Amino acid sequence: MKQIAQSIRDRFLKLGIDVPVEDIESRLDELITKFKVPSNEAQRSVTNYFLKKYSIPKNEFYTRQAEPQLTKIMNISENGQWANLKAKVVQLWENTHESISQVGLLGDETGIIKFTEWKNAELPELEQGESYLFRSVVIGEYNGRFQVQLNKNTSIEKLDEVIEVGGGDFTPAARESELRNISDLSGGQWATVKGKVVQLWENSHESIEQAGLIGDPTGVIKFTNWASSELPDMEEGKNYMLKNVVVNEWGGKIQIQLNRSSSIEELDEDIKVGSSTSTYFGAMVDIQTGSGLIKRCPECKRALVKGACPEHGKVKGEYDLRIKAVLDSGTSTQDILINRELTEELAGLSLDTAIAMAADALDPGVVLDTIKHELVGRYYTVTGHKLDRYILVDSITPKTSLDKEMLDEMLSLNETFTKLEVQ
């Protein structure tokens, strides 16, 4: 908080106004600690308070900076901070939400970071491969990764100089990305993967050509092929080389996207697909926050936080049911994720009933309380794919009674039932 307060004070000093840092920090602390206002909103509110107090026009404050102090991407370190960047537009991504003007990746010699340009900022359109000076951007954070937000206070200046990215040109057209195993992929990179299309999903959005799962011997990953990429359709069960795909992360899961810079090449070889399948037996000792009746973004299906999607902003959410629970075998614990269909079956509670319950009580928490009352303390056997710390549950069977033989079986089961299935 001290760093944010000092940053605000420094910006006022450039206009000849010395605002006591203690006053800034006090107001920040009240908003963030007492009223639980997000850091970036508190920063904006406090700044606007002192702009009004000292009769400083907002435009003068946010744009008057002849020699802006620049931040390198690798030095971005705090959610809610302001920054000025010189960066190259490394890639523009497909955007399906009306509140967003552009989204993609920015890069300088120290690294690459995701950016989002909001439509209401009314900023000029960025061009892929061009370099810009970005003044007064706000740094956000999602899933432990920092992102650049371009808003109404941001200004953009196109540069004649070319900003080098990571010591070289990272534009996919300039070179083919490295062939990687699916298990080695991480967000914020390009990659080339070889795999078999395990499953194609029903697609209802006109901006998406195909979506589904592709796998190699190390694992399975979701893919999205955007319609504007104008790439050929893939067929379920066939094998392909996908070149220059974008790897990103959502909800702790890595996924890949194909765009104009990508290419698809059908392969003659038959690629075996591996997936980690686990079975676990234990008592449900906790159902975590984020369970019960939730709302998801209609575009990307992420769970909303305070009515907002981290990718698409404020949206009208779609209701869903899920359970994030912890099982305890007596010797270990296991986090599990249970989808709507299994949640309805397990709790004896339909989505429509849950919505009605929440409406009657004026509190969606009543659904979570009901699920906890029904499930916590009971024993279950679950089977599903292991992803990070979670088992994504495909089947769950309650156990109504336990004897010594079953307890011995439970301990043996949890030690030996994790295996690799080859499709």
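In this predicted model, Gln199 has Leu213 of strand E8 as its bridge partner. The pairing behind this contact is between strand E7, residues 189–200, and strand E8, residues 208–216; the two run in the antiparallel sense and are joined over 4 bridges.

E8 also pairs with strand E9, residues 219–226, again in the antiparallel sense, here over 8 bridges. Within this second pairing, Ile214 is matched with Ile221 of E9. The connection from E8 to E9 is a hairpin through 2 residues. In a regular strand, side chains point alternately to one face of the sheet and the other.

The two pairings are set out below.

| Strand pair | Sense | Bridges |
|---|---|---|
| E7 and E8 | antiparallel | 4 bridges |
| E8 and E9 | antiparallel | 8 bridges |

A separate topic is the second largest pocket, which has a volume of about 400 Å³. Its lining consists of 18 residues, and those closest to the pocket centre are Ser7, Gln69, Thr71, Trp82 and Ala83. By class, the lining holds 10 polar, 4 nonpolar and 4 charged residues.

Helix H1 (2–13) and strand E1 (82–92) each contribute at least two residues to the lining of this pocket. H1 provides the largest share, with 6 residues.

Where does the second largest pocket lie with respect to domain 1 and domain 2? Domain 1 (2–66) and domain 2 (73–158) both give residues to the lining, so the pocket lies between them.

Notes:
Residues are numbered from 1 along each chain as its sequence is written. This is a predicted model: local features need pLDDT of at least 70, side-chain atom pairs count only at pLDDT 80 or more; totals for chains, interfaces and linings use all residues. Side-chain values use heavy atoms; hydrogens and water are left out. Two strands pair if DSSP finds at least two bridges between them. On a 1 Å grid over the protein atoms alone, a cavity is a set of points where a 1.4 Å probe fits but cannot get out, and a pocket is an open set with protein on both sides within 12 Å along at least five of seven lines; lining residues have an atom within 4 Å of a point. Grid points are joined across faces, edges and corners, and a volume is the space filled by probe spheres set on the points. Ala, Val, Leu, Ile, Met, Phe, Trp, Tyr, Cys and Pro count as nonpolar, Asp, Glu, Lys and Arg as charged, and the others, Gly among them, as polar. Domain bounds come from an automatic or database domain assignment.
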